[in-house]
Amino acid sequence: MGKEQPSERVMPYIQRKDNYQPNALTTAKRAYTLSEQRLFFFIVNQFNHLETYNPEQNLIFRIPIAEISKSVDYKELKNLCKTFKDKGLYQKDENDVFQSMTIFPWIEYDGKSGIIEIMMLSKAIPFFVNLGKEYTRYNVEIMLSLSSKYSQRMFELLRMFQGRKQQEFSLDFLELKESFCCEKYTYKDFRINVLEVAQKELFDKAGISFDFNTGNKQRGIDKIFFKVITWKELATQEINQEIEDYKAAPEVNQYNGVQMILKSKYTFNDDQIKTIINNTKLREKFIEVNSLIEFGKVKISTTPTKYMAKSLGFGETLIVQKSK
């Protein structure tokens, strides 16, 4: 690449247990092979979801070949670098605005240094970090273990709806086929080659059990209805994992993470927020209660803020709206 330019930021390689990605990226059409998707997940893993990124800077990812080759055949990597950069991202929003973009214009495979270097264009960064309240979180190790690209995409979708606490949901059949790059499939083809394959593999490797049906339609199928069966068990696992991840994180990450959640999901005032984030025990209790709320493990008769305040020992008399 030559001398690094100010408009580029080199990202140090970091392995994270979970990936966080905007739901818009989860549902976007990605015409990737199984191996290309695995490389894609490695790149998503390099983003810190609590960090702010400069929209004027391209990002340079340097991923060790030895790490990628654990999931992608070593002999396939060189060819993968040739095809991956030409693959784009295709996205349509709720207003039917269609976007198509090239994300990775430059890739270098350096066998001598043992590094694959990938450039991401700055204009693509918002699609990877604009989490807001709608994001998909999934375990990278499980994702990389899946041997079907359709299982990978289904895993993303199921985790997205789990984040929304939706045990039952429906998806437009045509949009689902487009997202999976299976536009030519009939329902029978899609059922056999996509849904049934994902159903078995996700049960075996991710512990997710789901059923699907067409609402008793035999022809003119326009929607597929899904139901996740092991939702409560998964929620308990997620809560325990979130608490473990929080405790294992550096204190500055604990502080920033709690502050971000407080400001985006609750209506405490500034003084109350400072009280919580500056107290180790209150921060830990906040993460525990927030997880219970997020995964629907508690019934709230008032508001999340009032429930949280009572759980933290504030008392309802201290609850006020955010100061303007």
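What follows walks through the fold of a predicted model, from the overall make-up down to single side chains.

Some ground rules come first: this is a predicted model in which local features need pLDDT of at least 70 and side-chain atom pairs count only at pLDDT 80 or more, while totals for chains, interfaces and linings use all residues. Residues are numbered from 1 along each chain as its sequence is written, and side-chain values use heavy atoms, with hydrogens and water left out.

The protein has 14 helices and 12 strands, taken as DSSP runs numbered from the N terminus (helices are H or I with at least four residues, strands E with at least two). Of its 324 residues, 44% are buried; here buried means under 20% relative accessible area, exposed over 50%, and partly exposed in between, with a 1.4 Å probe and protein chains only. Contacts are heavy atoms within 4.5 Å. Among those between residues at least 6 apart in sequence, 69% join residues at least 24 apart.

One open sheet has four strands in the order E1-E4-E8-E7, with mixed pairing; two strands pair if DSSP finds at least two bridges between them. Strands E1 (8-11) and E7 (106-110) sit at the edges, each pairing on one side only. On average, neighbouring strands of this sheet are turned by 15° against each other, direction ignored. Such angles are taken between N-to-C directions and run from 0 to 180 degrees, with axes as lines fitted to C-alpha atoms, for helices over the stretch in contact. Inside the sheet, E4 (residues 58-64) and E8 (residues 115-120) run antiparallel and are joined by six bridges; phenylalanine 61, for one, has isoleucine 118 in E8 as its bridge partner. Helix H4 (residues 77-84) lies across E7 and E8, and runs at about 170° to E7.

Strand E12 (residues 223-228) is bridged to two other strands, E10 and E11. Five bridges tie E12 to the antiparallel strand E10 (residues 168-172), with aspartate 172 partnered by lysine 223. Four more bridges connect E12 to E11 (residues 210-213), again antiparallel, and here aspartate 211 stands opposite lysine 227. In a regular strand the side chains alternate between the two faces of the sheet. E12 has Ile224, Phe226 and Val228 on its covered face, and Lys223, Phe225 and Lys227 on the uncovered one.

Threonine 214 is found in the loop between E11 and E12, and counts as buried because its relative accessibility is 11%. The threonine 214 side chain reaches the backbone oxygen of lysine 217 at 2.7 Å. That is a polar contact: a pair of N or O atoms within 3.5 Å where, within protein, one must be able to donate a hydrogen and the other to accept it, and residues adjacent in sequence count only if both atoms are side-chain atoms. Leaving out residues up to four places away in sequence, threonine 214 touches Tyr187, Ile221, Lys223 and Phe225.

Glutamate 201, in helix H9 (residues 187-205), is buried too, since its relative accessible area is 8%. A polar atom of the glutamate 201 side chain lies 2.6 Å from the backbone nitrogen of serine 147. Beyond its neighbours within four places in sequence, glutamate 201 is in contact with Ser145, Leu146, Ser147, Ser148, Ser151 and Ala206. By contrast, lysine 281 in helix H13 (residues 280-294) counts as exposed, because its relative accessibility is 72%. The C-alpha atoms of lysine 281 and leucine 312 are 9.5 Å apart, with their positions 31 residues apart along the chain.

Then there are the rings. Those of Phe, Tyr and Trp (its six-membered ring) pair if their centres lie within 6.5 Å, with planes under 30 degrees apart called stacked, over 60 edge-to-face and the rest tilted. The count comes to 22 aromatic pairs. Phenylalanine 41 and tyrosine 138 form an edge-to-face pair, because their ring centres are 5.7 Å apart and their planes stand at 75°. This pair links distant parts of the chain, with phenylalanine 41 in helix H2 (residues 34-44) and tyrosine 138 in strand E9 (residues 135-139), 97 residues apart. Both residues are buried, and both belong to an aromatic cluster that also includes Tyr32, Phe47, Phe104 and Phe155.
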